[in-house]
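I opened this structure to see how its charged side chains pair up and where its nonpolar residues gather. My entries follow in the order in which I looked things up.

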Amino acid sequence: MNQQSITLVLGGGGSKGSYEVGACKALLECGYRFDAVIGASIGSLCGAILVQQDLPALECWIKSFTQSELSKNLFMFPQLYHHPDLFNQGIDAFLDPLCQKGPDIHAFRQSYEKMFDLETFKHSKIDFACITYNISRKEPKVFFKSDFNESNALDILFASAAYFPAFNLVKIGEDWYADGAYANAVPFELADRFKAQKSIVIDISGFYQKDPLFSNGDQLLIRPLFKLHYFLDFTAKDLIPQMQEGYLETLKYLNEAPGYLYTFYKEDWEKIVQFEQRYMEMLVDTQALDVLEHFDSTMEAMYGFFFGYSPRPLENRYSSKYILGRIVEMIGIICNISMSKQYHFDEFIKLVLYGLKHFDQDPNVLPYPLEYKAMEIKSVRNMIVFFHSLLLSYHEKLPSQFEIFRKKFPFPYAIARVWRLLETIPGNQVS
């Protein structure tokens, strides 16, 4: 059990708040308890329920979301202009609903009101603050738990989440308020008000924005490794995996699970270290160190190919010794192994080998059904098989006439090398 006094800061990001719910679940399971919660936007809505100590209600809330039931006439930002329901419609399809009726989030507010209990919130030992922006006075405004009463509590919380023009501004007293993100999407500075020994900050803002702070002994920053869904995507089928991502990644931030894009069990770490050491030795013995010569650039090429960008770096107590495992993880992605669950390392290796040996099998009978969404994926698999066959036929030495292909396709070659290494370990044979 963690004995430090802790302030939790939940940043803003609309439906990306599902990640925060998963992250909070991991924190609570790992023994973290909060003395205060600070929120901006969706972080305020989630934070108030955490003050009530009712995380299961937040999970159920996320799982119940449907876009049509939560909001009507929702303003569609340019990122969603390709939405099938709006495709090929004129600009009036976007502007008319906003101008005539404005967004209607009555159902969204009603669903939240069923969870929020003012008495439980006020009597909780956990303190609370949320940030908004006072449009009338043109200045940020912080509301503390002592400011909440029966007449204004929900208005304050929804003022913090009033991201205009997607959501209506909220009037409190004589002033109009907008989303706290207009003031500060990650209000970590407010943690000083509560004088806690440690602050944990969950930032779900834009992927390419700089870290708002750096993790050290007194503060921990948790940010998604992957780009999250669009912030107005309130569809449960998208948000449930996002919630699981928050849970698994937080375990890794807390040193409770090894892995990078995939998540393994803490008790498997010794096996992973043995795997890394043995395979490094084998790379030397087979004169296959060319896999490591351009390791960083090869990994960047892999990430760019599959995701279109590089996931955020992750530093924890395991990361410096976790090298070849990152290539094995990429094989897992090629084999379409789900990243939304935690694996024992031996189990994962067997799934990887099974996938490698069945690239051309009927995708409907694979453990994880495979869809060829692009011919490029198929060609990558073909190149991996090509290099694997050469290494097998020529006793791990690539003939010189094929060197041009290795230089042209470095990451299929690297994966083929690791595939050959995996096959040499007793117990890894998969039919």
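The notes below begin with how the model is to be read and then turn to salt bridges, a helix and the cores.

I am working with a predicted model, in which local features need pLDDT of at least 70 and side-chain atom pairs count only at pLDDT 80 or more, while totals for chains, interfaces and linings use all residues. Residues are numbered from 1 along each chain as its sequence is written, and side-chain values use heavy atoms, with hydrogens and water left out.

I looked up the salt bridges (a side-chain nitrogen of Lys or Arg within 4 Å of a carboxyl oxygen of Asp or Glu) and found that the structure holds 13. In one of them, Asp203 pairs with Arg223, with the closest N and O atoms 2.9 Å apart.

I then followed a network of salt bridges that links Lys357, Glu396, Arg420 and Glu423. Arg420 and Glu396 come to 2.8 Å between their closest N and O atoms, and both are buried (under 20% relative accessible area, 1.4 Å probe, protein chains only). Lys357 meets Glu423 at 3.5 Å, N to O.

I checked helix H17 (residues 410-423; helices are DSSP runs of H or I, at least four residues, numbered from the N terminus). Because 13 of its 14 residues are buried, H17 is largely enclosed by the rest of the structure.

Last, I noted that the largest nonpolar core (buried Ala, Val, Leu, Ile, Met, Phe, Trp, Tyr and Cys residues joined through side-chain atoms within 4.5 Å) has 113 residues. A second, separate core has 12 residues, including Ala40 and Leu221.

Definitions and conventions: Helix = DSSP H or I, 4+ residues; strand = E, 2+ residues; numbered from the N terminus. Expected span 1.5 Å × (residues − 1). Buried < 20%, exposed > 50% of the residue type's maximum accessible area, 1.4 Å probe, protein only.
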